[in-house]
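Reader: Please show me the model. Then let me ask about its parts.

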Amino acid sequence: MGEERDENRILGTEELQMNRRQFTARALAAAAGVALSGRQSRGATPASGNQVPGSVPEALIKEARFPEGFLWGVATASYQNEGAWNEDGKGESIWDRFSHTPGKVRGGVTGDVACDQYHRYAEDIALAQSLHVKSYRFSISWPRIQPTGTGAANMKGLDHYSRFVDALLAAGIRPWCTLYHWDLPQALEDRGGWPNRDLAGYFAEYAGVLAKHLGDRITMWAPFNMPWAIAFMGYAAGTFPPCRTSFPDFLKAAHTLGLAQGEAHRALKAASSEASVGSAYEMAPAYPRTNSEADRAASARYHAMNNVFFLEAAMKGRYPNAFAGEPPYETMGLKPGDEKILLAPLDWVGFHYYTRRVVSDASNAHCFGGGFSGTEIESDSGCARDPYTGIRATMPTEGPLTESGLEVWPRGIYDLVTQISREYDHPIIEITESGCGYLDGPNEEEQGRVPDGRRIQWYRQTLAELARAIADGARVRAFHAWTLLDNFQWAEGYTERYGLIYTDFRNQKRTIKESGSWYGRVAASNRLDL
Ligand code: FCB
């Protein structure tokens, strides 16, 4: 991010720690266009006196244009949407086990039914088509294909996805497949989970099965959704299944995921000559909390660990140095020759954008622990996140917050996209997820319409910044809105809504939100001033 960074900016603790009530109040104020008194952005997007910090000037939104053929998409995930948790021979996943364990998911709810998309996919694809969607990112549930994670394929599971893909193609929509969006077969967790290196081989077999059966119609593949989160949230922070809290297990899991990414890449290509393999990493641009050398180095470690750890592994066959001291390669289980397994240069680079992070050095901290609130959102716990990276990463609250508690910072997508472009020699980029959580529902006085203006505003601004990155030379080919319809939001259950379409979970009725209609018009015209 270089010279465009906030200089000497020190965020006060009160700015970094807010409770949910404050989050909501701030979000509402921003939506109403209320200036936040006395708060001035020192970010690179100049904020005029009455502009919300981090927001984008209207002129930029008016000017924004996307290239002809730009792929407007949506993203979904198996466990969050499908339901049918025990149908057609599906095995148990770690998310089934987690949600069936009392006290794990907010409200005690599960994904047993979710959006019932396993049965209603035809309706959902027709809705996507009506919004001019051209790319549909979905994930395949591993335990539907191999109920215990290894061995013969379950044809009923494969047939389901085969029908699903056919329906997408018939609707003129590109099928885009994530192999793993967190629903590991429980049987593999029982064999040690991701810290067990053997899982890289099992995952490659699974990848080969998918490419063999579906590779004639799916060409877009990504092995993992958010590999860092799989390792850290599952094995270090313990807030996602399998809920372990061991930093060494996190490091081991991360390395198995790196190996699995490379092995799956080769398995996909071996089984399907058409396979185009990329990624679906989570990324957040990292800004140092102060301009001190220590904070800048910590910010670089955040970028290395959270943003490009697996990208660097695939592109260069090595991990970037994300560690405060000597890299803990022994604990990770690195073996001689592993660089050849890691190396599997991506055909294009896919990543998500939701918000940004402010990072400070905590390499001298004596307490460790993520301080995670909500899903993968860090709060300022006052501790280093882990003993290896020695960082403290927080989500600032300078900009307004969505109702899911994420800071709205449109400028972040510009910084991130241009940074990745620079660092990786201008690869083709796909935004694999981007979106915001607001709870708006049908308004009875308006014939059940869902007026979610805050979501439209979020997309207008974020997309204007993306258009600016494209105008400045970034080769961005696609954008996938998270998400098509309100779904099961992991440990938050059904308390957060990210959809362009409202789901009434009592009767599975879908209602296109105003943001959905708006997104459809954007997709049809490649412009935002609609
Ligand atoms: C991302 C996840 C996705 C969804 C969004 C809101 O981190 O990949 O499944 O939950 O957050």
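What follows is a set of short questions and answers.

Author: This is a predicted model, so to speak of local features a pLDDT of at least 70 is needed, side-chain atom pairs count only at pLDDT 80 or more, and totals for chains, interfaces and linings use all residues. Residues are numbered from 1 along each chain as its sequence is written, and side-chain values use heavy atoms, with hydrogens and water left out.

Reader: What is the strand order in the open sheet of three strands?

Author: Strands (E, at least two residues) and helices (H or I, at least four) are DSSP runs, numbered from the N terminus. Two strands pair if DSSP finds at least two bridges between them. Pairing in this sheet is mixed, and the order is β7-β9-β12.

Reader: Which strands stand at the edges of that sheet?

Author: An edge strand here has a single partner strand, so one side of it is left without a neighbour in the sheet. That holds for β7 (286-288) and β12 (391-394).

Reader: Which residue in β9 is the bridge partner of A286?

Author: β7 pairs with β9 (residues 357-361) in the parallel sense, over three bridges. In β9, the bridge partner of A286 is R357.

Reader: What angle does the direction of helix α13 make with that of β9?

Author: Helix α13 (residues 293-307) packs on the sheet and touches β7, β9 and β12. Contact means heavy atoms within 4.5 Å. Axes are lines fitted to C-alpha atoms, for helices over the stretch in contact, and angles run from 0 to 180 degrees between N-to-C directions. The angle between α13 and β9 is about 125°.

Reader: Which residue of α13 forms a salt bridge with D361?

Author: A salt bridge is a side-chain nitrogen of Lys or Arg within 4 Å of a carboxyl oxygen of Asp or Glu. Here the closest N and O atoms are 3.0 Å apart. D361 is in strand β9, and its partner in helix α13 is 60 residues apart from it. The partner is R301.

Reader: Is R301 buried or exposed?

Author: Buried means under 20% relative accessible area, exposed over 50%, and partly exposed in between (1.4 Å probe, protein chains only). D361 has 24%, so it counts as partly exposed. R301 has 10%, so R301 is buried.

Reader: How far apart are the end C-alpha atoms of helix α10?

Author: Helix α10 (residues 198-214) has 17 residues. The expected span is 1.5 Å times one less than the number of residues, so α10 should span 24 Å. The model agrees with that: the end C-alpha atoms are 25 Å apart.

Reader: How many residues of α10 are buried?

Author: This helix is mostly covered. Its buried residues include L199, Y202 and F203, and they pack against elements including α8 (155-170) and α12 (247-271). The count of buried residues is 12 of 17.

Reader: Which residue meets E189 in a salt bridge?

Author: E189 is in helix α9, and its partner is in the loop between α11 (227-235) and α12, 55 residues apart. E189 is buried at 10% relative accessible area. The partner is partly exposed at 23%. The two side chains meet at 2.7 Å, N to O, and the partner is R244.

Reader: What is the relative accessible area of S434?

Author: S434 is in strand β13 (residues 428-434). It touches residues including Y353, W458 and F479, not counting those up to four places away in sequence. S434 is buried, with a relative accessible area of 0%.
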